[in-house]
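Trainee: Could you take me through one helix of this model closely, and then relate that account to the cysteines and the interior of the chain? I should like the reasoning to be explicit wherever a classification depends on a cut-off.

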Amino acid sequence: MTIRSATTLVAAALLGLHAQASDLVCRYVFSGQGMAKESAGRHPDMTLSRGKPEPGHALGGVRLDAAALSTTAVVLTNAFTVCAWIRPLGFGSKAVGRDWPNGMVVNSGSGYYDGWRLVIQEPARFQPVFEIGRTNGSVAVVAGAGLSTSIWHHVAASWSPDGDRGRGTMRLYVDGRLEAESGADVAPPLPPNAPLSIGYTDFGVGSMHMDFAELAVYDRALDAPEIARQFLSGTYEQNLAPPDARAKLLGHRALLLESGDADAARRLWRQIADDESCGIVPRILAAEQAGDAPAATNLASRSDAPDIFKMRYGVDGFSDEACSLADTPPLPLPDRRLHVATTGDDAGTGGADAPFATLERARDEIRKLRADGFADAVAVMIAPGRYARTASFALDRRDGGSETGRVVYAAASGGDDIVFDGGNRIAGSRFQPVADPAILSRLPEAGRGRVRVADVPEHPAGQTSFGVGENGRAVLMLLADDAALLHPARWPNTGFITETNVLGATASAIPLAAGRAPRWLGAEAPMAHGYWRYDWADAALPVAIEKTDAGLSLTLRKSHCYGLAERPRFYVFNLLEELDEPGEWHYDAATAKLYLIPPEGKAPQSFTLTTLDAPLVAIDGADHVEFRGIAFRHTRGDAVKVRQARQVAFGGCDFRGIGGAAIVADGCPGFVVRDSSFRNLGHGALDVSAGDRRTLEPGGIRIHGNAFFRVGQFARTYTPAVLIHGVGAVVCHNECRDMPSSAMRLEGNDHVVERNDIHDVVLESDDQGAIDLWGDPSYRRCVFRHNTFKDVGGAGATDCGRGGIRFDDAISGMIVYGNTFINSARGNFGGVQIHGGNNNVVYANRFIDCGIGVSFSPWGRERWLERIERNPEYVEKIRQRVDVFAPPYSTRYPELARLREDFDRNFIWGNTMIRCAQPLANPPIQVESLWNR
C-alpha cells in the first residue's frame, strides 16, 4: 500500500512516473500476507515457494524471513532493470556463516553461476550488492551507501550493453541515486536455471528479515532520471522510522527534487530543519540547504552543535578567520637607527652619513646600547648591495629585544637588491672553452664544442648523498644564474631509468648503448638519485659503474634504508660524461673546476656556486628580532637557523638558490613569516616548531601571504614548502606551486590552514597529499578551510595515489570544510584521503573533476586496536609523549573517550561533487555520509 504525499504528487506530475509499459516485463505489489496479481500481463503471478510470511502489519508490503515467493524464471540477456521497494529489519534466521552475514532480497537463478541477484551484506551498514552469474562465479558491484533499518528504500540494478560488443555495464542505485558502477566489459547474465524469487532461496546466501512492497522488472536499462522518478513516485509511509533516518531520506528526496521542483525541495529542507526530534547535525545541514542562514546560525549556537558549525557561523567564541595578520600592516620601523653599507667602515659611527661595513659591527653596537641601559626598539638599516657571507651572522641572547624594544634588520630601500650571499660568484669572463684532450674525450660529442670551464677558488667539497634515509639536512651543491637553478649533468636528461633490479638488495643493472661504456668507466664520483623502493622516498647515493658483457652495471656503494624494489626508478648524475644540454653543469671536486653549458641563448655573464655550508643567519635565544626586506641567497645548507627564540619575524624577504631549507626554527613561540618569497630551493622552505603538545599551549606560529615556487628541487620527498610542528599554528593566504611532492606537512594539534592556493604539486612522488599528515592519533583538531587545490598529482601512473589532503596512518579528529578541490585526485586517492583515521569531518567542500571525491583505506576494529593498544610506537605516542586519556586532551577532544569504539568513524556532510566518477571510494562501515550531491 503506497501513501504518496502532496510533495511527491507534485514531483510525479512534473517529472513523469514510470517507464513505458512495453518495457515492463513484470510488476508485483504486495500487501500484508497477500499480493496483487502481476500487473504487466506478461508474467505469471507469484506463489509461496518456501515457508510462509509473517503476520500482516500496518506499514504495507509482505514481511519475510525464511520464506520465499516465486514465479517462473525471467530470461533477459540484452538489457534489463530490476527495481524493488524494501524495508530491512535485520538479517534473518537463515544465516550463512558468522564472518560474512548476508541476506537474499530478490534473484532470478542463483545469481552466482547463472542469472542475477540483489543481496544485502554487512550488519553495520546493510550494503546492497548486485551480482551477475558466471560459470566460474559472479561479477558484483557494491553500493557505497548502506540502508537504514526500519526505512523504506528503493533499490534498483541494471545491465546495459556497450554497443554491439555483447558486453556492457552494471549499475546499482539506492533511493534514486547511482551508488556503484562496473566497467563496460561485463557479459550479460547466463540464462537462469531457477525461478524469479523474493526472499530466502539459499544459493549460499542467508535470509533477510524485511518488508517487501514492490518488484518491477524491465527489459531495458532505465537511465538515472527514470530511476530517480521511480523513487520519487513511490514513497512509503515512514512515520515509524527513527527521526534521523527519516530526515536523511527526506533530504535525499529533496536533493533529487531540486532540479525539477525547487520549491518542493525547499519545503522538505524546512521540514527537517524545524523537526526538533532530529539530531542537530541534519537540522543545521537542512537549514543550509534551504538557504536559511539565520536558522543555521541559531542552531549552530546550541550547546550540542559540533564545533565545525560554530566555526563556520562565528558563534560561541569561534571564528571563521584565524589569521590576525590578514589586515594588519607591519609595525613601523623604530626611530633609533643604525646603518650598514657595503661602502661603510666599521670604525664609523653607524649614522646615515657614516655607516658600518658589517652586520657584526651593528650587532655589537646594539649590545653596547643595551649595556648602557637603552631598552627601546632599534633598527639596523641595510643599504643596497651584496653582503658576501663566509660564516654565519650569529645572534644570541645578548642580541634580542623585548615587546617594546624590538631589534629590526631592515632594507634601507625597496626591491631585492640587499643580498646576504653565501655563494661563490664566478664571472662569465672566467669561463673558457675546454682544451684538455683528456677532458674532451670524456665529454659526449653533442657537448664538446659548447662546454666551458672555470677554476673555483677555495676548493669546496663535492656533493654528498642526500634524501630519505640519508642525512635530512645534508648540504646540496647548487649552481644558479640570476633566474633559476641549473641542473647537474645527468642521464637520462629527463625522467627516470626503470630497469629490472637483478643484483640483489643494493644494486640494479642498467642496459646502456655500447658507446657510453668507455666514457662512463672514467667517471670520478658518479651518483644516482631516485625512488629505490617506494615512490614516496627518494635518495641520492654514490654508485660504482662496471663493464659487463651486456654493457654496464651500476651498483649502489651504500644501501638505501628501504632496500630496492624490483624496478626502482632513478637517474645517474654527477657525470662530466653526460654534460650535453644547455643549463647543465659538473663540478670536479678533485681539481676544483666547474664545467657548464650556459643556458640556451644566454652568455655566461655570472654564475654562483653554493659554497657556504653554515647558515647565513644563526639565531640562538635572541627574542624579538625581525628581518625585513632582505634577500637570502646561495647556501649549501639551511639559509637561516633559529633556536629557542621568541617573537622572531621575517617579512618581505626573498629566498633563492638555497641547498637546504630556507628557514629552520626550533622551539620559537610567536614565529612569523609574512609576505616573503621562496623559490628554487633544494630542500624545503620552512621547518618551524612552537607550542607545548603536553599542555596544548599554542605556539603562535603565523605563516602568511608568502609565495612558495619550485621547492624541493633536489631532495624531493618530505621537503615541503611548509613543515609545522607543535600547537596552534596558522598558515594562511599563501601560494604553493611546482613541487614534486607535498606542499605542506603538519605535525601536532590545533593548527589552522586557510585561504591558501595550492596547485601543481605532488607532481612526481606517490602516496602523498598536497597537504599531508601522518601517523599519530594524538594529533587533533587541525582545521583546513577555504583553501583551493588544483591539478594535484602528475599525469603518470601511480601505484597508490595522490590527493589534495591526506590523513595517513590513523590521523583523526581533523576538520576539512569550505575548500575547493579541482582535478586533485589521482590513482586510488580522492581529493581528501583518509587512511585508518576516525572522527574526521569533511563538510561543505567542492570537488570538481576529481576521479574520487573522498577516499578511504579503512583499518577495521582489529587493526585499530592493535595499533593503539599493542603497537609500541603508537602506545608511546598516545600514552607517553602525551596522554590522550587525561586532561587537557580528554577535555579538549571529548571524542577521545570513544577511542576504542570509533575505528573508521568519519563524517562526510554536505559536499558538492561535480564530474566526480566516485563521490566516495571504499567508505568504511562507520562512515556517516549525509547529503553529499
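**A covered helix and its wider setting**

Mentor: In helix α3, the buried residues are Ala-245, Arg-246, Ala-247, Leu-249, Leu-250, Gly-251, His-252, Arg-253, Ala-254, Leu-255 and Leu-257. The model is a predicted one, and the description that follows should be read accordingly. Helix α3 covers residues 243–257, and 11 of its 15 residues are buried, so that the helix is mostly covered. From its first C-alpha to its last, α3 reaches 21 Å, close to the 21 Å expected at 1.5 Å a residue. As a general point, an α-helix has 3.6 residues a turn, so residues three or four places apart point the same way.

An arginine in another helix, α8 (residues 359–371), also merits attention: Arg-361. Arg-361 counts as buried because its relative accessibility is 19%, and the limit for that class is under 20%. The side chain of Arg-361 reaches the backbone oxygen of Asp-346 at 2.9 Å. Beyond its neighbours within four places in sequence, Arg-361 is in contact with Asp-346, Gly-348, Phe-356 and Lys-368.

Turning to the cysteines, a search of the whole structure finds 1 disulfide. Cys-323 and Cys-732 form this bond, with their sulfur atoms 2.4 Å apart. Cys-323 lies in the loop between α7 (307–313) and β16 (337–340), whereas Cys-732 belongs to strand β50 (residues 730–732), so the pair ties together parts that are 409 residues apart in sequence. Both of these cysteines, Cys-323 and Cys-732, are buried.

Burial is also found for cysteines outside that pair. Cys-26 is buried, with a relative accessible area of 0%, yet its sulfur is 11 Å from the closest cysteine sulfur, in Cys-83, which is too far for a bond. Cys-653 is in no disulfide, and the nearest cysteine sulfur, that of Cys-668, is 15 Å away. Cys-653 is nevertheless buried, at a relative accessible area of 2%.

Cys-653 leads on to the interior, since it is among the residues in contact with Phe-632. Leaving aside neighbours within four places in sequence, the contacts of Phe-632 also include Phe-420, Leu-616, Val-617, Phe-627, Val-640 and Phe-650. The largest nonpolar core has 93 residues, of which Tyr-409, Phe-627, Phe-632, Phe-708 and Phe-784 touch the most other members. A second core, separate from it and comprising 52 residues, includes Ile-280, Met-311, Ala-649 and Tyr-843.

Conventions:
Residues numbered from 1 in each chain as written. Predicted model: local features only at pLDDT ≥ 70, side-chain atom pairs only at ≥ 80, totals over all residues. Heavy atoms only, no water. Disulfide = S-S within 2.5 Å. Helix = DSSP H or I, 4+ residues; strand = E, 2+ residues; numbered from the N terminus. Buried < 20%, exposed > 50% of the residue type's maximum accessible area, 1.4 Å probe, protein only. Expected span 1.5 Å × (residues − 1). Polar contact = N/O pair within 3.5 Å; in protein donor to acceptor, adjacent residues only side chain to side chain. Contact = heavy atoms within 4.5 Å. Core = buried A, V, L, I, M, F, W, Y, C linked by side-chain atoms within 4.5 Å.
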